[in-house]
Amino acid sequence: MAIRQLSETLINQIAAGEVIERPASAAKELIENALDAGATRIEIATSGGGKALLRVSDNGSGMDAADLELAVRRHCTSKISETLEDIRTLGFRGEALPSIGSVARLSIASRRRDSAGGHEIAVAGGKIAHLRPAAANPGTIVEVRDLFFATPARLKFLKTEKAEAGAITEIVKRMAIAFPAVRFVLSGSDRTTLEFPATGDDHLARMAQVLGKEFRDNAIALDAVREEIALTGFAGVPTFNRGNSAHQYAFVNGRPVQDKLILSAIRGAYAETIPSGRHPVAVLSITLDPALVDVNVHPAKSDVRFRDPGLVRGLIVGAIREALARDGSRAATTGASDMLRSFRPGFQPNSQRPQTAWSAETSPSRPYQPTTGFGERPQASFDGLSMPTARAEPQFSPQPAAPEPIARYPLGAARAQIHANYIVAQTEDGLVIVDQHAAHERLVFEAMRKALHSKRLASQVLLIPEIIDIPEEDCDRLMQHAAELSELGLAIERFGPGAIAVRETPAMLGEVDAHGLIRQLADEIAEWDTASGLSAKLEYVAATMACHGSVRSGRRLRPEEMNALLREMEVTPGSGQCNHGRPTYIELKLSDIERLFGRS
């Protein structure tokens, strides 16, 4: 078969398959062009999820007639010259506009600020129309209609209009976070208008616009530098998490990216602080020399390659963990909101009362019977009570008790224990409810993790070794890691083919359910035991042991024990969530309580 040169139209359509995958891809390219042109106001309008119409208007520098003619031709760009090692703009490939024009009906109207009039050019299915004068404001308006009309097969792979409109919204949100000084407006017949007013240099205010105002109250600032790479941004406290990773935003030199290395580093930084199936909220901005990162990996420019990926990952993990250790122990403010929503007024209307069978004894229309409440026998129980009086006489020692210094304790002073599991503490401006098991579990784990890096944990010798019967293969796995377990204060020996003898347990755990602990350790080792051995996962083992040795739910604590737990939580990193990522306490402000009773 002879080799032949493809037509320019077919070449552009092939390129469009890589650059323009869906309407959101076209929106991304057009918004990037507007930002590169220095726009401070960008308006996006859509119809039919972007398939019928996609219009991007900006107040950027605009183009003259000569620029317009070149802009719709492949590999024509003003953003690079001879090298790809110093890319400082969002776009640089010169493929977006010709790719869109090859598969859709494209029109571009533009005018420079110093020009008396504007010009317009149109491209339909790869065919370029003649340039003509047009009335236009300074800036550029790019209109895309009937996307993929020239390649009908591509239309079959698009999702519903609602899904495509949502993808465009997500693109706009990412761009809005990256450029807080730019005003974005997203409107159209297929959506409600979304507007992000410019916030100047206040990045957190823009993030609050996109991620919700709750993010501002639950975000920790990041600012770290390692060698020639700088990391800034905000990371949410662990208890402020979401059901998916859609609320994680990453930017490299101002470019929104969805890089697997960065997302993996975020997951690693929040390890053991986020429940399984939940994801943290974070906005990370990485700044480095353009020569140290390759943004020309894919035509969509959403993937990047770092020259030193290990350095970048270490910077992200280290910066987030340091921030969490510094300020990540506090509970998310959403916990109080969820608590408030769970409260209901004590009175229920008749329509909500449980329906029960009618009886004469309980009927509200039953005859009045004075002996039920005011007879001699019921009144006898009140004989020992004194009559009420207005006389103010001291009932206790005249020496006034010194008030507890509540104000200086972030978690306040313990006031009660309810259901033998939750500690209620009073703070200066509210109250705190603590899950005693989850809190103590975290404290024990942090103590064990700290000891792991210093010396062998102290152990207590059992007077009578506990014998645990487990399958022979589980015995083999445990004995392979007996040395590592011994470092944690857990001394085990083989006791026949299908049993393990526990001779020592970690002293800090006190009384331990050895049977449950050994069986769970055997299951975990069976799940992720590899050639790397247990040494790389000792912290997971420590977390398991901490769970089995913590204060159990249902145990009644003395006031001094509850206060000691609160004081230790205040000085322990990560005490705001347990080893499984669940919150250890919820804070309720006095204003929230007053709102429950309609006092504010």
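Let's start with one residue pair: Val461 has Glu504 in β24 as its bridge partner. Keep in mind that this is a predicted model. Zooming out from that pair, β22 and β24, the latter covering residues 499-506, run antiparallel and are joined by seven bridges.

Now for the rest of the sheet. It is an open one made of three strands, ordered β22-β24-β23, with antiparallel pairing. The edges are taken by β22 (459-469) and β23 (491-494); each has a single partner strand, so one side of each is left without a neighbour in the sheet. If you ignore direction, neighbouring strands here are turned by 20° against each other on average. There's a helix on this sheet too: α15, residues 472-480, packs on it and touches β23 and β24. The direction of α15 makes about 130° with that of β23.

Over to a pair of helices. Two packed helices are described by the angle between their axes and the distance between the axes. For α2 (residues 23-36) and α6 (residues 161-178), the angle is about 25° and the axes lie 8 Å apart. Angles under 35 degrees count as roughly parallel, and α2 and α6 are therefore roughly parallel to each other. As for handedness, α2 passes α6 in a right-handed crossing.

So which residues of α2 and α6 meet? From α2 come Pro23, Ala24, Ala27, Lys28, Ile31, Glu32 and Leu35, and they meet Glu164, Ala167, Ile168, Ile171, Val172 and Met175 in α6. Sorted by class, this contact of α2 with α6 holds ten nonpolar and three charged residues, with no polar ones.

Conventions:
Residues are numbered from 1 along each chain as its sequence is written. This is a predicted model: local features need pLDDT of at least 70, side-chain atom pairs count only at pLDDT 80 or more; totals for chains, interfaces and linings use all residues. Side-chain values use heavy atoms; hydrogens and water are left out. Two strands pair if DSSP finds at least two bridges between them. Helices (H or I, at least four residues) and strands (E, at least two) are DSSP runs, numbered from the N terminus. Axes are lines fitted to C-alpha atoms, for helices over the stretch in contact, and angles run from 0 to 180 degrees between N-to-C directions. Contact means heavy atoms within 4.5 Å. Angles under 35 degrees count as roughly parallel, over 145 as roughly antiparallel, 65 to 115 as roughly perpendicular and the rest as oblique. A crossing is left-handed if the near helix is turned anticlockwise from the far one by less than a right angle, and right-handed if clockwise. Ala, Val, Leu, Ile, Met, Phe, Trp, Tyr, Cys and Pro count as nonpolar, Asp, Glu, Lys and Arg as charged, and the others, Gly among them, as polar.
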